[in-house]
Every structure is written in structure tokens, then in C-alpha cells.
Amino acid sequence: MVTLAEVAQHAGVSASTVSYVLSGKRSISVTTRQRVEESIRLLGYHPNAGARALASNRSNIIALMIPLRTDMYVPVMMEIAVAVAATARTHGYDVLLLTGEEGPDAVRRVTGSGLADAMILMDVELDDERLPLLRSTDQPSVLIGLPADTSALTCVDLDWRATGALCVEHLAMLGHRDVAVIGEAPAVYERHTGFAERTLDGLRSRARELGVRLLHRPCEGGYDAMMLTLARIFDERPGTSGFVVQNESAVEPLLALLRQQGRAVPEDVSVVAICPEQVAAQASVRLTSVAIPAQEMGRHAVTRLVAKLKGCGSDEVVLLAPELTVRTSTGPAPAGTS
């Protein structure tokens, strides 16, 4: 393992000069800095993390709080986490993944122990109990998600209200007047999770404006739960001809059940999904969808967090505009249903 003294000898400078180049605590001439950096590269030197943290009062670690719940679609969460980790690495930071459902305790643990220099929080609820602690600490943080009150916070998210509105607009343009929304598991709404609540708000508001009758039914996902949910929808609204699905685990069960009932997609029923691009493109019927920009969300969050760590970031809300991709699952409403 290469030592700092060996780097100094290779570069022809003192060990303290190498230390100053690494820490940035003192001004070093451009020529000397370049010589030291070249020696570091050639020798493959990596500073000891513990010693570096003590010297700089920084850990160079970002804590990513991502509670992994059984009612959430984990692949999307992990895609965001991978984007966060990859982007953080380009800025010289590693990522500490906190997956427990600890709530405020996790925030206290990070801020009180020096585990990390900054935090990114996911699975944000409208009245998230972690937020008072975030507002009371000087440690930089960014939310991937949008609470009800965004004051003194930096938030990055898909514009879920616009996403819901875009889905119902597309179906309304095709003549559908009875639309059912197959939502996330009931627990997601019971927690008032921001993305689910905001999508529903966008759907309902735009449906009212367009004269579309909207029925929302949460669903656990899976074949049995979807069968019961679908039966309930057609019992209540027999003329339903359009579906918006915001539940990845319900997509294939819905399509299978519609086939079993002799309802052709899109001739009899149209389906729009809010889901990852891969899920929509590889479904048994290629789904018209609004993609979840997981990687973009992760990159934006890290970029804004690093700006805060450098002292040049400010609190802001960044909403990514939704984009709807039309595929083969949507078509004109059947005659007699508009």
C-alpha cells in the first residue's frame, strides 16, 4: 500500500506539501500541485479515509435514506440509488445507504455522529416527520420527493400533478369519459406519500375540467388483488373504458384479466401506465406511459447537494416535466361509451 511519504519522495516535495495538496488548506503553486497529482496517479495512492476525515473534518460521505417497504416498487428506488451513488462518486463522495424505517431517528443518527457530510431523503410524505429535524440542522440535505411545505428545503421530483393531468388528458382526447385509476397499495395513501397523493390530485383536477368521471381504487398488486379490484371497478362503473395504472406490480395482472374477460386492448379498453420505461415497453401489450425519470432525479439531487456542500447552493424546488409516450395500449373509446 502506497504511503504519503512515498508520494512525497516520488514528487520531490515534503510530506506536508502532499498533505496540503490533498486537503486544499494552503495555496500550492500550480507546478508543484501538478507534480504531486501526477505522482499520486502514477503510484495509485489513496488517502486513508479515517485520517482524511480527521484532517478535514469531512467524511466525504453522503447518507441516502431510502426506506425499503414491501408496498413500494423497489427497482425504481434502487435505480435512483444507483444514480445517486454514481453521480456522487464523480464528485469525490461515497454513499452510505440507510434502508431502515427509522424516521427522525435516522436523521438524528447522521447529524449527531458525523457519519456523513450531507443527506438525501427519499420516500417523502406530505407531512414527513423528518422535516423539522432537517430544518433545525446546518447539515446540507436534499429531498427526492415533495412534502406539503417546501420552505427552507431543497426538493427534486417528477411533477406528479402534471403527470396525472397528462394521463387523463390523453384518454379524454381519445373520447374516454369513464376512467378508473388503479393506484398503489392502500398503505401508500394512508402514509400520505407525496408522489401518490400528488398524482391523484392531478388526475382528479384535470378530470373535472375535462368532464371525465374518475374512479380511484388502491390495489396491493398481484393477480388475486387485481382480480378483486377490477371486478369492483366494473360493478361500480360498467362503462369504464380507460385505465390509468400507477402500480407496477398490477400491470401484467390487469392485462391478463382483461384478456380473460374478452376485453381487447386498445379496441375495448385503453390503458395508460405511470411506470419505468422498461416496464411499459416490455409489457404483454406495449403500454402508453409516463416514464419515471429515476436516473435524472438521482443526478439532480446530488448536483444540488454538492453545490450546498461547496456553499453555493440555495433552497429550491426542481420539478421534472413529465413526458407521455404513446404506444399500442391506447386508442379511441368504443362507440357508445363517450
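Trainee: How many bridges join strand E1 (residues 61-65) to E3?

Mentor: Strands of a sheet pair through backbone hydrogen bonds, either parallel or antiparallel. Here four bridges join E1 to E3, and the two run parallel. Two strands are called paired if DSSP finds at least two bridges between them. The strands and helices are themselves DSSP runs, numbered from the N terminus: E of at least two residues for a strand, H or I of at least four for a helix. Within the E1-E3 pair, Met65 stands opposite Leu121 in E3.

Trainee: What kind of model is this, and how are residues numbered?

Mentor: It is a predicted model, in which local features need pLDDT of at least 70 and side-chain atom pairs count only at pLDDT 80 or more, while totals for chains, interfaces and linings use all residues. Residues are numbered from 1 along each chain as its sequence is written, and side-chain values use heavy atoms, with hydrogens and water left out.

Trainee: In what order do the strands of the sheet with E1 and E3 stand?

Mentor: The order is E2-E1-E3-E4-E5-E11, an open sheet of six strands with parallel pairing. Strand E2 (94-98) and strand E11 (317-320) are at the edges; each has a single partner strand, so one side of each lacks a neighbour in the sheet. From one strand to the next the twist averages 20°; axes are lines fitted to C-alpha atoms, for helices over the stretch in contact, and angles run from 0 to 180 degrees between N-to-C directions.

Trainee: Which helices lie on this sheet?

Mentor: Helix H5 (residues 74-90) packs on the sheet and touches E1, E2, E3 and E4, where contact means heavy atoms within 4.5 Å. The direction of H5 makes about 155° with that of E2. Helix H14 (residues 294-309) lies across E1, E3, E4, E5 and E11, at about 165° to E4. Glu296 belongs to H14; the C-alpha atoms of Glu296 and Ala83 are 7.7 Å apart, although 213 residues separate the two in sequence.

Trainee: Are the side chains of strand E4 (residues 141-144) buried or exposed?

Mentor: Buried means under 20% relative accessible area, exposed over 50%, and partly exposed in between (1.4 Å probe, protein chains only). In E4 both faces are covered: Ser141 and Leu143 on one side, and Val142 and Ile144 on the other, are all buried. As for its neighbours, E4 pairs in the parallel sense with strand E3 (residues 118-121) over three bridges, and Met119 stands opposite Ser141. The chain passes from E3 through helix H7 (residues 131-136) to E4, a right-handed β-α-β crossover; right-handed is the case where, with the strands pointing away from the viewer, the path from the first strand over the helix to the second runs clockwise. With strand E5 (residues 155-158), E4 pairs in the parallel sense over two bridges, and Ile144 has Val156 as its bridge partner.

Trainee: Which residues of helix H1 (residues 4-11) are buried?

Mentor: An α-helix has 3.6 residues a turn, so residues three or four places apart point the same way. The buried residues of H1 are Val7, Ala8 and Ala11. They cover an arc of only 100° around the axis, which puts them on the same side of H1; the arc is that of the directions from the helix axis to the C-beta atoms. Just after H1, Gly12 takes a positive phi of about 75°.

Trainee: In what order do the strands of the mixed sheet stand?

Mentor: The order is E7-E6-E8-E9-E10-E12, six strands in an open sheet. E7 and strand E12 (324-325) are the edge strands, each pairing on one side only. E8 and strand E9 (residues 270-275) pair in the parallel sense over four bridges, with Val245 and Ala273 as bridge partners.

Trainee: Where is Arg217, and what does its side chain join?

Mentor: Arg217 is in strand E7 (residues 213-218) and is buried, at a relative accessible area of 14%. A polar contact is a pair of N or O atoms within 3.5 Å; within protein, one must be able to donate a hydrogen and the other to accept it, and residues adjacent in sequence count only if both atoms are side-chain atoms. One such contact, of 2.7 Å, joins the side chains of Arg217 and Glu236.
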